[in-house]
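Trainee: Please go through this structure with me, and explain each term when we meet it.

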Amino acid sequence: MKLLLIHSDYIEYEVKGKAISNPEEISLKKDRLEEALTVFIAVEKNDEKSPRQAVLDATAEIEKTAEQLKAKNIMIYPYAHLSSDLGRPKIAKEILVELEYELKNKDFNVKRSPFGWYKAFKISCKGHPLSELSRDIVPGGKNEEESESLKKERKLSSYWNILTEDGELHEIDNFNFKGHENLKKFSFYEKEKSRAIKQEPAHVKLMQKLEIADYEPASDGGNMRFYPKGRFIKKLIEQYVNRRVAEYGGLEVETPIMYDMDHPTLSKYLQRFPARQYQIESDKRRFFLRFAACFGQFLMAHDATISYKALPLKLYELTKYSFRREQSGELAGLRRLRAFTMPDVHAMVSDLDMAMDEFKVRFDLSLSVLKNIGIQNDDIEMALRTTKDFYEENKEFIVDLVKRLGKPILMETWDERIFYFILKFEFNFVDMSDKASALSTDQIDIENGERYDIKFTDKDGVQKHPLILHCSPSGAIERVIYALLEKEAIKMQKGQKPMLPLWLSPTQVRFVPVKDEFVSDCEKFIEELNSSKYGVIIRADIDDREESVGKKIRDAETEWVPIILVIGDKELESNSFTPRFRDTNFAEKKTYSLDELKEKISENVKDYPQDLLPLPLHMSKRVKFK
RNA sequence: GCCGCUGUGGCUUAGAGGUAUAGCGAUUCCUUGGUAAGGAAUAGGUCGUGGGUUCAAUUCCCACCAGCGGCUCCA
């Protein structure tokens, strides 16, 4: 990036005409700024490598000069002619906009002349020795080596180990991973960011084929559409997590999805990551879409009167949605999204002892939530991240966590605390492509109680800031679905039949009448199945299409329907049924009465959320979404 | 965001500088069928979007969009 800085009595310009095909929209055709540091800028190719760094470097440079000159006003003036190696207009525009934003944050009075237009301008240069300066900015630039070494230093101060149940710490390279293949994949994925297999994520085809979710080209990347079956599955998982958190004592709240970028508490936190948010404007205020539920809950807690008796105070929200503008190249199916549903339960505690007690409770909660949803202990690998000090002082506590999980974990320790938390656990799912993604997590945060000025009155009458635990007991709901599908994809690869857990299957029982005349009998059976004896909803439907029985069975199988019942004269006469169970372990015997079947299903799903069939009862009335 | 690959009816796909192939699905008809695809006919496509080259572009070139792979990132 080339900068030409001119300390001027005034600068004024007037827009004349387009210089590129799609210039920036303009609000002001002409403008003027007195006593201004005018900054002529050309954004170059090498800025595109790290636009963010370019902005930060330029901001620092301009700030330095402005302070020397005691200039309060800054005019940013795009000026392509400074360089023969210009960057792409779109990026250049973004860089200028961000630069304006950064400078405004530093409390300068900033104006920016529009990008992509020919402009007439008048400038009056003060002419003193410092009034004309040129600068060449290479993002990271001369500091590149330094920041590289800084990075290395940080890497050096982060140690990766395997921690076993006996409390032994092992080097990753020397650890015998026999029987812990996924932990090996996960460890190397985390440490080296390397993986062996390269293929498209298996769940993408499945989510489409099963009509769960799909891409929506009319939206931004990472914003999915959910078909009836997908919404249904999502809804049940959401309900399940909600209930478990309620049992744990979480107080469910609802908070806004957008927040003022200039809010004093939030803006500091945000400044580090402004490019990663969705931003929207309302009147003259700028808002960002939340990337977690923390803000709303912290602001709520800030205004609350809290006694030590109320601790731990557990606030909970299932965010629909949280937004993160992940890099476009990072988006993949349901694994990584820009809009996602996130259960987020915070616990405010008085001190570290209470934090650690609570941490254990939530650890068990997370493990149990995942397990009951269908992600077993074998499917996840645990990572624990902490500081060296915390580890040294709390070895017993940490080893106890490993024992609770019952298998070795990956541990990362830092010499110094880098983030706002001192301890964090994650349960990671390792998929078919050896990629690891975090599901459940909990963290002990020692910064934000103070930052948000959340206070509780302790026994001694003194007001104190609580420590805050951040937990997502299941991880993003979309990601849970991703994990369930990937898990089934792995099964398919082994030649086993894939299926969703019975409680999550949109259709649990499919009735296949051998002739049209049996359709009404199927309807009666379904009614009978749902007679309220067990208080459980059994979701059954009827394939009344004009197809052969073979075809209907085949379609039910490809739809992963767990139980199929063919209905004809035999069934009507004997009043007994020969179910086709997708999960062969589920079958105890060959024939069942309707009551026995009802009991068997109820037994399996009674502890889970119940809801009605999300599709028409009759297959002939259904729509094909995919 | 960067580099590379891909983009043909709802889905899967053949193909080529002269507006396009098949299967599934849909519709209609025949078949009333007992545990993974019964048969026939009909309809359905400005070949991702926008420019350029050409007598002619869906095909060649450029840009953009989307998806995938890799990198980076993941508070």
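**Strands, salt bridges and an RNA partner**

Mentor: Let's start with two strands: β20 and β21 (residues 436–445) pair in the antiparallel sense over 8 bridges. Keep in mind that this is a predicted model, in which local features need pLDDT of at least 70 and side-chain atom pairs count only at pLDDT 80 or more, while totals for chains, interfaces and linings use all residues. Residues are numbered from 1 along each chain as written, chains are lettered from A and ligands numbered from 1 in written order, and side-chain values use heavy atoms, without hydrogens and water.

Trainee: What makes β20 and β21 a pair?

Mentor: Strands pair if DSSP finds at least two bridges between them. With 8 bridges, β20 and β21 meet that rule. One bridge joins Asn428 to Ala438 in β21. The hairpin of these strands has 5 residues between them, and there Asp434 takes a positive phi near 65°.

Trainee: And why is β20 called a strand?

Mentor: Strands are DSSP runs of E with at least two residues, and helices are runs of H or I with at least four, numbered from the N terminus. Strand β20 covers residues 421–430, 10 residues, so it passes. On another pairing, β18 (residues 380–387) runs antiparallel to β20 over 7 bridges, with Arg385 opposite Lys424.

Trainee: Why is β20 described as largely enclosed?

Mentor: Because 10 of its 10 residues are buried, the strand is largely enclosed by the rest of the structure. Buried means under 20% relative accessible area, exposed means over 50%, and partly exposed is in between (1.4 Å probe, protein chains only).

Trainee: What makes β15 and β23 edge strands?

Mentor: They belong to an open sheet of 3 strands, ordered β15-β22-β23, with mixed pairing. β15 (306–307) and β23 (463–464) each pair on one side only, which is what puts them at the edges. β15 pairs with β22 (residues 456–457) in the parallel sense over 2 bridges; that just satisfies "at least two". Ser307 stands opposite Thr457 there.

Trainee: How do you know that Arg338 and Asp220 form a salt bridge?

Mentor: The term asks for a side-chain nitrogen of Lys or Arg within 4 Å of a carboxyl oxygen of Asp or Glu. For Arg338 and Asp220 the closest N and O atoms are 3.0 Å apart, so the pair qualifies. Arg338 lies in the loop between β16 (313–323) and β17 (339–349) and Asp220 in the loop between β9 (213–215) and β10 (224–226), so parts 118 residues apart in sequence are tied together. The structure holds 57 salt bridges.

Trainee: Are these two residues buried or partly exposed?

Mentor: Arg338, at 6%, is under the cut-off, so it counts as buried. Asp220, at 30%, falls in between, so it counts as partly exposed.

Trainee: Which salt bridges does Glu557 form?

Mentor: Its partners include Lys497, at 3.6 Å from N to O. That pair links helix α15 with the loop between α13 (477–493) and β25 (509–513), 60 residues apart. Glu557 also meets Arg582, at 2.6 Å, in the loop between β28 (580–581) and α17 (594–605), 25 residues apart. Glu557 at 13% counts as buried, as does Arg582 at 8%, while Lys497 at 42% counts as partly exposed.

Trainee: What makes a residue near RNA strand B?

Mentor: One of its heavy atoms must lie within 4 Å of the strand. That rule gives 43 residues, the closest being Arg88, Pro201, Glu330, Arg336 and Val514. Sugar and phosphate make up 46% of the RNA atoms that come within 4 Å of the protein.

Trainee: How do you know that Arg554 makes a polar contact with the RNA?

Mentor: A polar contact is a pair of N or O atoms within 3.5 Å; within protein, one must be able to donate a hydrogen and the other to accept it, and residues adjacent in sequence count only if both atoms are side-chain atoms. An N or O atom in the Arg554 side chain is 2.5 Å from a base nitrogen, so the contact counts. Lys551 has its own contact, 2.7 Å from a phosphate oxygen. Helix α15 gives 5 residues, the largest share of the surface near the strand.
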